[in-house]
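Here are my notes for a colleague who is meeting this structure for the first time. Please read them with the sequence and the model side by side.

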Amino acid sequence: MKKKLLTFININLGVLLVAINVHFFLSPNHLATGGVSGLSIVLNHLMPSISIGVFMIIANVALFIIGIIFLGFSFGTKTIYASFALSGMVWVLEQVAPLSHALSDDILIQLIIGQCIAASGMAIVFNQRASTGGTDILAMILNKYFSIEIGKAVLFSDLLIALSSTFIFGPKVGMYAFFGVILNGLVIDYMLQKFNTNKEVVIISKYSNEIRSYIVQELGKGATIHTAKGAYNFEEKEVITTILGRKEFSKLKHYIISVDRKAFITVHNMNEILGQNFKRLA
């Protein structure tokens with residue numbers, strides 16, 4: 001129950017950050033940087049009587065219907081919730097804090113700050129194994145029927161929306177929108193790496209039994225032990241390999257220092273780990 005509550009809080013926090021970007025940074029500057037929010041900004045300019053938040057709700061409903069027709073019920077409940085929560089939060093912000101003009105005359109700095117905020121939010125949502133839906137559904141359809149990679153399909157759909165803003169708002173705003181799409185992807189990748197930073201730790205020590213016991217019993221992590229032979233004197237040694245997060249590695253390092261200051265340790269940052277207790281293979 002505690003884990004589910006934490007997931008719910010994290011998803012809402014991530015969605016709120018994305019909504020803040022849409023309302024305070026993208027919408028006042030007509031920056032359609034892809035996704036349902038970008039499409040809604042374009043449609044709102046064409047039909048200003050309907051708010052961006054309402055357009056996002058309508059677009060999400062339409063996309064989910066299309067997704068069910070072409071993909072079946074393959075959407076996770078967290079993604080469905082996140083997509084409509086985003087639409088709802090944008091609508092609430094429009095009612096609570098309406099804007100008559102942009103926060104600044106400098107579009108570029110607003111774009112950079114806003115996209116960094118939104119990308120951080122999306123990374124939080126992705127880290128909970130959810131997404132904000134929207135054009136991700138179109139990407140899944142393109143992937144299923146045309147074998148286009150999902151990442152490329154999302155980028156393609158976002159660029160099309162950015163291109164449409166060029167015709168509606170002019171080439172200057174369109175170029176900013178293109179830059180926003182690229183920046184968003186880069187920051188999301190960077191933030192996800194920070195969230196999922198794991199370290200492969202390789203340890204050689206004459207106190208390998210004590211260290212192995214600490215990893216398994218105190219840290220609650222697995223480890224692999226294999227035998228190696230030193231090149232200098234051909235002495236056989238046990239080598240422990242384990243995968244740890246930053247906090248667990250810090251604890252292990254202090255423990256090893258306390259039992260064997262002559263231990264040999266190598267550490268490698270891991271970008272992605274699949275299988276067992278880590279990310280699922282499929």
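**Notes on side-chain pairs, patches and backbone**

1. The starting point of this note is Phe8, which is partly exposed, its relative accessible area being 43%. Please keep in mind throughout that the model is a predicted one.

2. Phe8 leads on to the aromatic pairs, of which the structure holds four. In one of them the ring centres of Phe8 and Tyr81 are 5.6 Å apart and the planes stand at 40°, so this pair is classed as tilted. Because Phe8 belongs to helix 1 (residues 2-26) and Tyr81 to helix 4 (residues 77-96), the pair ties together parts of the chain that are 73 residues apart in sequence. Tyr81, for its part, is partly exposed as well, with a relative accessible area of 34%.

3. A second pair worth finding in the model is formed by Phe64 and Phe84, which are stacked, with 5.5 Å from centre to centre and 20° between the planes. This pair also links distant parts of the chain, since Phe64 sits in helix 3 (residues 52-71) and Phe84 in helix 4, 20 residues apart. Are the two partners buried or exposed? Phe64 has a relative accessibility of 7%, and because the cut-off for buried is under 20%, Phe64 counts as buried. Phe84, in contrast, has a relative accessibility of 29% and counts as partly exposed.

4. Helix 3 returns when one turns to the surface, where Ile57, Val61, Ile65, Ile66, Ile69, Phe70, Tyr145, Phe146 and Ile148 make a nonpolar patch of about 820 Å². Two elements, helix 3 and helix 6 (135-146), give two or more residues each to this patch. Which of the elements gives the most to the nonpolar patch? That element is helix 3, which contributes six residues. On the side of helix 6, one may look at Tyr145, whose place is in that helix and which counts as partly exposed at 45% relative accessibility.

5. The surface also carries a patch of positive charge, in which Lys194, Arg246, Lys247 and Lys251 gather. Helix 10 (residues 246-259) gives the most to this positive patch, namely three residues. One residue of the patch, Lys247, has its place in helix 10, and with a relative accessible area of 70% Lys247 is exposed.

6. Helix 10 has a part in a further contact, for the structure holds one salt bridge. The side chains of Glu248 and Lys221 meet there, with a distance of 4.0 Å from N to O. Glu248 lies in helix 10, whereas Lys221 lies in the loop between helix 9 (208-218) and strand 2, so the salt bridge ties together parts that are 27 residues apart in sequence. As for accessibility, Glu248 is partly exposed, with a relative accessible area of 22%, and Lys221 is likewise partly exposed, with a value of 29%.

7. Two backbone positions deserve a careful look, beginning with His30, which has a positive phi of about 60° although His30 is not a glycine. His30 is found in the loop between helix 1 and helix 2 (35-46), and at 33% relative accessibility His30 counts as partly exposed.

8. The other position is Phe234, where phi is near 60°, again a positive value in a residue other than glycine. Where in the chain does Phe234 lie? Phe234 is placed in the loop between strand 2 (224-229) and strand 3 (236-245). With a relative accessible area of 58%, and because the cut-off for exposed is over 50%, Phe234 is described as exposed.

9. A last point concerns Leu163, a residue of helix 7 (residues 150-169), which counts as partly exposed at 37% relative accessibility. Leu163 and Val173 are ten residues apart in sequence, and in space their C-alpha atoms are 10.0 Å apart.

Terms used. Residues are numbered from 1 along each chain as its sequence is written. This is a predicted model: local features need pLDDT of at least 70, side-chain atom pairs count only at pLDDT 80 or more; totals for chains, interfaces and linings use all residues. Side-chain values use heavy atoms; hydrogens and water are left out. Rings of Phe, Tyr and Trp (its six-membered ring) pair if their centres lie within 6.5 Å; planes under 30 degrees apart count as stacked, over 60 as edge-to-face and the rest as tilted. Helices (H or I, at least four residues) and strands (E, at least two) are DSSP runs, numbered from the N terminus. Buried means under 20% relative accessible area, exposed over 50%, partly exposed in between (1.4 Å probe, protein chains only). Patches are made of residues with over 30% relative accessible area and no salt bridge: like charges are joined within 9 Å, nonpolar side chains (Val, Leu, Ile, Met, Phe, Trp, Tyr) within 5 Å. Accessible areas come from the Shrake-Rupley method with a 1.4 Å probe; for residues, only the protein chains shown count as cover. Lys and Arg count as positive and Asp and Glu as negative; His and the chain ends are not counted. The place of a charge is taken as NZ of Lys, CZ of Arg, CG of Asp or CD of Glu.
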